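Hi everyone, thanks for coming. I'd like to walk you through how some helices pack in this one, and then where there is empty space. Have a look at it first.

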Amino acid sequence: MKFYFFLFLSNILIDNFILVKFLGLCPFLGASSRLEMAIGISLSTTFVIIISTILLWLINFFILIPFNLFYLRTIIYMLIISCGVQFLEIFLQNASPLLYRILGIYLPLITTNCAVLAIPLFSLYLNHVFLDSLFYGISASLGFSLVMIIFSSIRERISLSDVPLIFQGAPIALITISLMSLIFMGFRGLIKN
């Protein structure tokens, strides 16, 4: 149980995929201008990461490894992620048209989000069993969601602030990301290996 606690803590704070590993920056910068959009993309990405982590672990250990098809791993992973995103897009279009419109172009871009592919690959290279892989995917997606929501909240406050002209837009966003990254990297000494 202690292992899973530290796995959660590590993926959420210490080895955050956005601020420490710098993966998933495209939706992070693009979909974080409004809190509703950030929450929607966070929930959508979390769903795709968890479903793809489960499916990819099962496919890897019950099909690819027994039949020695390692060379197909990346192609199959991308196919599963694409199908998951397509299913999510169809579901949101029918269940919540407003959220579907809010997410706009960022919803199909979850397919190309490098964090979505990296999480199952990192789990594979860390030789996780199924439960470890599942907790790894959940905690990494929660870390992704936490940073998205925090950054979108900060961005909304910055848009209402009196920012000097030279720093408006992307410069102040990048400065904010840098400071957040430094803060999250400060958690590095929290867990000793």
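Let's start with helix 7 and helix 8, which are oblique to each other. What angle do helix 7 and helix 8 pack at? About 140°, and their axes are 11 Å apart. The crossing of this pair, helix 7 and helix 8, is right-handed. Before I go further, please keep in mind that this is a predicted model.

So who is touching whom? From helix 7 we have Leu146, Val147, Ile150, Phe151, Ile154 and Ile158, and they meet Ile172, Ala173, Thr176, Ile177, Met180 and Phe184 of helix 8. If you sort the contact of helix 7 with helix 8 by class, you get eleven nonpolar residues, one polar and no charged.

Stay in that region for a moment, please, and turn to the second largest pocket. Its volume is about 160 Å³. The residues around this pocket are Arg155, Ile158, Ser159, Ser161, Val163, Gln168, Gly169, Ile172 and Ala173. Two elements give two or more residues to that lining: helix 7, residues 130–159, and helix 8, residues 170–185. Helix 7 has the largest share, with three residues. You may recognise some names here: Ile158 of helix 7 and Ile172 and Ala173 of helix 8 are part of the helix contact, and Ile158, Ile172 and Ala173 also line the pocket. The mix of classes in the lining of this second largest pocket is four nonpolar, four polar and one charged.

Now, over to helix 3 and helix 4. Helix 3 covers residues 35–64, and it packs on helix 4 at an angle of about 145°, with 9 Å between the axes. The contact has a long cast list: helix 3 brings Ser44, Phe47, Val48, Ser52, Leu55, Leu56, Ile59, Asn60 and Leu64, while helix 4 brings Arg73, Ile76, Tyr77, Ile80, Ile81, Gly84, Val85, Phe87, Leu88 and Leu92. By class, the contact of helix 3 with helix 4 comes to 14 nonpolar, four polar and one charged. The crossing of helix 3 and helix 4 is right-handed.

Helix 4, residues 73–95, has another partner in helix 6, residues 114–125; their axes come within 10 Å and cross at roughly 135°. That crossing angle makes helix 4 oblique to helix 6. Here, too, the crossing of helix 4 and helix 6 is right-handed. On the helix 4 side, Arg73, Tyr77, Met78 and Ile81 meet Val116, Leu117, Leu121, Leu124 and Tyr125 of helix 6. The class count for the contact of helix 4 with helix 6 is eight nonpolar, no polar and one charged.

My last stop is the inside. How many cavities of 30 Å³ or more does the structure hold? One. The largest cavity has about 60 Å³ of space. Its lining is made of Thr53, Leu56, Trp57, Asn60, Phe61, Tyr77, Pro120, Ser123, Leu124 and Ser133. Which helix gives the largest share of that lining? Helix 3 does, with five residues. Helix 3 and helix 6 each supply at least two. As for classes, the lining of the largest cavity has six nonpolar, four polar and no charged residues.

If you want one residue to click on, try Tyr77. Tyr77 sits in the contact of helix 4 with helix 3, in the contact with helix 6, and in the lining of the largest cavity. Thanks for listening, and I'm happy to take questions!

Notes:
Residues are numbered from 1 along each chain as its sequence is written. This is a predicted model: local features need pLDDT of at least 70, side-chain atom pairs count only at pLDDT 80 or more; totals for chains, interfaces and linings use all residues. Side-chain values use heavy atoms; hydrogens and water are left out. Axes are lines fitted to C-alpha atoms, for helices over the stretch in contact, and angles run from 0 to 180 degrees between N-to-C directions. Helices (H or I, at least four residues) and strands (E, at least two) are DSSP runs, numbered from the N terminus. Angles under 35 degrees count as roughly parallel, over 145 as roughly antiparallel, 65 to 115 as roughly perpendicular and the rest as oblique. A crossing is left-handed if the near helix is turned anticlockwise from the far one by less than a right angle, and right-handed if clockwise. Contact means heavy atoms within 4.5 Å. Ala, Val, Leu, Ile, Met, Phe, Trp, Tyr, Cys and Pro count as nonpolar, Asp, Glu, Lys and Arg as charged, and the others, Gly among them, as polar. On a 1 Å grid over the protein atoms alone, a cavity is a set of points where a 1.4 Å probe fits but cannot get out, and a pocket is an open set with protein on both sides within 12 Å along at least five of seven lines; lining residues have an atom within 4 Å of a point. Grid points are joined across faces, edges and corners, and a volume is the space filled by probe spheres set on the points.
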